[in-house]
Amino acid sequence: MKRKIGLALASGLALLIAGCASQGGGAGGTTGTAPANAPGESTSRNFNLSVKCPGVHYLKKKGWSDQQIMQQESVEAQDIPACEQWVKAQPKGYVPPPPPGTPTAAKAHTGSAPASAQQ
């Protein structure tokens, strides 16, 4: 009985590790689907700005200095004017899409088609 439980736990752990390894992750690891050059970096930079810019804009409206914003939001000095331009370019009520490959991104793609078909 102990052997069966140990074998079941070991196989479950092996499957868990194999699943995590296929998804990638970590800053140093690269996946087979995306090159480790500029396109991936620009995509992640755009996503980071779309996540941080509303906060930067809010703090800027509250009168915070650039130094305080850089420390609070972990952005660079050139990102603050870029964020202000990004915020001005967004339509009212804009919510950035989830990053590709996340479970919520998959739900958004699969969930949006049936909802529009029902209407």
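## Exercises on a predicted chain

The side chains of K60 and D66 meet in a salt bridge, with 2.5 Å from N to O. This is a predicted model, in which local features need pLDDT of at least 70 and side-chain atom pairs count only at pLDDT 80 or more, while totals for chains, interfaces and linings use all residues. Residues are numbered from 1 along each chain as its sequence is written, and side-chain values use heavy atoms, with hydrogens and water left out.

**Exercise 1.** Work out how many salt bridges the chain has, and state whether K60 and D66 are buried, partly exposed or exposed.

*Solution.* Begin with the rule, by which a salt bridge is a side-chain nitrogen of Lys or Arg within 4 Å of a carboxyl oxygen of Asp or Glu. By this rule the count comes to 1 salt bridge. In general, side chains of opposite charge can pair when their charged atoms come close. Next, take the accessibility classes: buried means under 20% relative accessible area, exposed means over 50%, and partly exposed lies in between (1.4 Å probe, protein chains only). K60 counts as partly exposed because its relative accessibility is 32%, and D66 is partly exposed because its relative accessible area is 36%.

**Exercise 2.** Describe the order of the elements along the chain, and find what percentage of its residues count as buried.

*Solution.* Helices (H or I, at least four residues) and strands (E, at least two) are DSSP runs, numbered from the N terminus. The chain has 5 helices and 0 strands, and from the N terminus on its elements run α-α-α-α-α. Of the 119 residues of the chain, 11% count as buried.

**Exercise 3.** Identify the residues of the largest nonpolar core, and say which helix supplies the largest share of this core.

*Solution.* A nonpolar core is a set of buried Ala, Val, Leu, Ile, Met, Phe, Trp, Tyr and Cys residues joined through side-chain atoms within 4.5 Å. The largest such core has 9 residues in all, namely L49, C53, V56, L59, I69, V75, I80, C83 and V87. Helix 2 (38–61) and helix 4 (79–89) each supply at least two residues of this core, and the largest share, 4 residues, comes from helix 2.

**Exercise 4.** List the residues that I69 touches, leaving out residues up to four places away in sequence.

*Solution.* Contact means heavy atoms within 4.5 Å. With residues up to four places away in sequence not counted, I69 touches V56, L59, K60, W64, S74, V75 and I80.
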